[in-house]
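Welcome! Below are a few short exercises, each with a worked solution, to help you find your way around the model on display.

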Amino acid sequence: MTATHDVVNPATEQVVATVPSATAEDTDAAIARAAAAYVGWRAVPPGDRARLLRRFAAAVDADREHLAELEVANAGHTIGNARWEAGNVRDVLDYYSGAPERLFGRQIPVSGGVDVTFKEPLGVVGIIVPWNFPMPIAVWGFAPALAAGNTVVLKPAEVTPLTALRLAELARDAGLPEDVFLVVPGKGSVVGQRLVDHPDVRKIVFTGSTDVGKAIMAGCAAQVKPVTLELGGKSANIVFADAQLERAAAAAPYAVFDNAGQDCCARSRILVQRSVFDRFLALLEPAVQGVRVEDPTRDTAEMGPLITAEHRAKVASYVPDDAPVAFRGTAPDGPGFWYPPTVLAPVDPAAAAAVDEIFGPVVVVIPFDDEAEAIRIANDSPYGLSGSIWTENVGRALRVARAVETGTLSVNSNASVRYWTPFGGAKQSGLGRELGPDALDAFTDVKNVFIATDPATEEPS
Ligand code: TAP
């Protein structure tokens, strides 16, 4: 009998679907189909490949509300966020549909002939996605991979497969050739591991925890398989005394409690200059209490539940009875994996809550004395994904932005992701960059071809 997985709505604890769990043999079969489809897909003329991706984007656009509703039911995302996520899939497909006709090589001067480079696709790309942002994280991998002429086997997280399965249907409806984009739901230890181990998978894109990412990197090393890793984070939101404190405090809750804190870019450490520490906390308290934690199907919802009961228990373990809770927001009672926004302050930078990625709605607030100390605390982490700097001093903004060891930073803003700019982590937050113009390099190899035009003057090899 085929194994299955019950998909549970985290806001109601009701089963909303039952999905087959693929075996290693099923995964091998999908890889074989994607490898066979690669031969035809890479040969599709660039203009036609672009047109198919634009049609895929249009199919997603037409299905946006349905995709959003699926994500609310499967992942507990607020309907507002889920609509943005479905729109992000459309936008990223549209953006990379411009790529097939612009995958330029170079012509390099040589003697005795002509030297040109080609950006060649790699083959079958395996994409392994976590449960926190099932749609955006999938498309950041599959859109540039497909645009560059690769075929894709995508493994969604076992607990959140519904939107990925729907996207595969939309790709087929849009006319993408059979087996070019396959979604294989199942366990990471089975399907994900097979993608890593199978020699016909030529590249892995993994988003998830740093521990699993390290194991995947080691697995890829056995075959010198290229890998893009988007891993954990413990990002700092640095507030200097000269900042517009009202703006910084009003924005801070959404920079960490969005998606119930289940966000790799969550600014889960707020560092505040000591001279304005008390004033900042006084401004932060009403902002946190104003976060609307409620039924995620409501248009007014700003935060939904956590993904599972196990994850809620892990988050709660960082707030024991004697934790320095400064203040909290609210959360509904009754069914659902709810947890209120929680602010811990003051917190020793060495405390577990200040060091570990909690991946839930818990933020620590830490005082600092000067710029050097702020940079030291911000960098005192194995992670380096994102972060924010709040100051009215442009020189300081740039100095600190250059000194903080992360991949993606914002000044007087908490924005992390724009699909047309690069995104990714430093240190143990990742390897490689997604999105923006550079992502295509992660899905192509540079091939150099020399064509002799004058054998008499050809250079010796
Ligand atoms: P993980 O437990 O690492 O799982 C991520 C994915 O890897 C899931 O699909 C999982 O499958 C699969 N997997 C597990 N073991 C595997 C193995 N041995 N071989 C291949 N695949 C395997 O992470 P998570 O708990 O889902 O997600 C939370 C983490 O993701 C956080 O640390 C967060 O920071 C990180 N994250 C990072 C980013 C970026 S962009 N840096 C974005 C989002 C999330 P299952 O379905 O069986 O679990």
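Two strands count as paired if DSSP finds at least two bridges between them. Helices (H or I, at least four residues) and strands (E, at least two) are DSSP runs, numbered from the N terminus. This is a predicted model, in which local features need pLDDT of at least 70 and side-chain atom pairs count only at pLDDT 80 or more, while totals for chains, interfaces and linings use all residues. Residues are numbered from 1 along each chain as its sequence is written, and side-chain values use heavy atoms, with hydrogens and water left out.

**Exercise 1. Find the order of the strands in the open sheet of seven strands, and say which stand at the edges.**

Step 1. The order is β12-β13-β14-β11-β10-β15-β16, and the pairing is mixed.
Step 2. β12 (325-328) and β16 (410-411) are at the edges with a single partner strand each, so one side of each has no neighbour in the sheet.
Step 3. Look inside the sheet at β10 (residues 236-239) and β11 (residues 269-273), which pair in the parallel sense over four bridges. Here asparagine 237 stands opposite isoleucine 270 in β11.

**Exercise 2. Trace the open sheet of six strands and its edge strands.**

Step 1. Its order is β7-β6-β5-β8-β9-β17, again with mixed pairing.
Step 2. β7 and β17 (430-431) are the edge strands, each pairing on one side only.
Step 3. β5 and β8 run parallel and are joined by five bridges; valine 125 stands opposite lysine 203 in β8.

**Exercise 3. Describe the surroundings of strand β6 (residues 151-155).**

Step 1. Start with burial (buried means under 20% relative accessible area, exposed over 50%, partly exposed in between, with a 1.4 Å probe and protein chains only). Five of the five residues of β6 are buried.
Step 2. Now take the faces. In a regular strand the side chains alternate between the two faces of the sheet. In β6, Thr151, Val153 and Lys155 lie on one side and Val152 and Leu154 on the other, and all are buried.
Step 3. On to the partners: β5 (residues 124-128) pairs with β6 in the parallel sense over five bridges, and isoleucine 127 stands opposite leucine 154 in β6.
Step 4. From β5 the chain reaches β6 through helix α5 (residues 134-147), a right-handed β-α-β crossover (with the strands pointing away from the viewer, the path from the first strand over the helix to the second runs clockwise).
Step 5. β6 also runs parallel to β7 (residues 181-183), with three bridges between them; valine 152 stands opposite phenylalanine 181 in β7.

**Exercise 4. Where does the largest pocket lie, and which residues are closest to its centre?**

Step 1. A pocket is, on a 1 Å grid over the protein atoms alone, an open set of points where a 1.4 Å probe fits, with protein on both sides within 12 Å along at least five of seven lines; lining residues have an atom within 4 Å of a point.
Step 2. Of the 38 lining residues, Pro130, Trp131, Gly208, Ser209 and Val212 are the closest to the centre of the largest pocket.
Step 3. α8 (210-221) gives the most to this lining, with six residues.
Step 4. Domain 1 (4-231 + 429-449) and domain 2 (236-411) both give residues to the lining, so the largest pocket lies between them; the domain bounds come from an automatic or database domain assignment.
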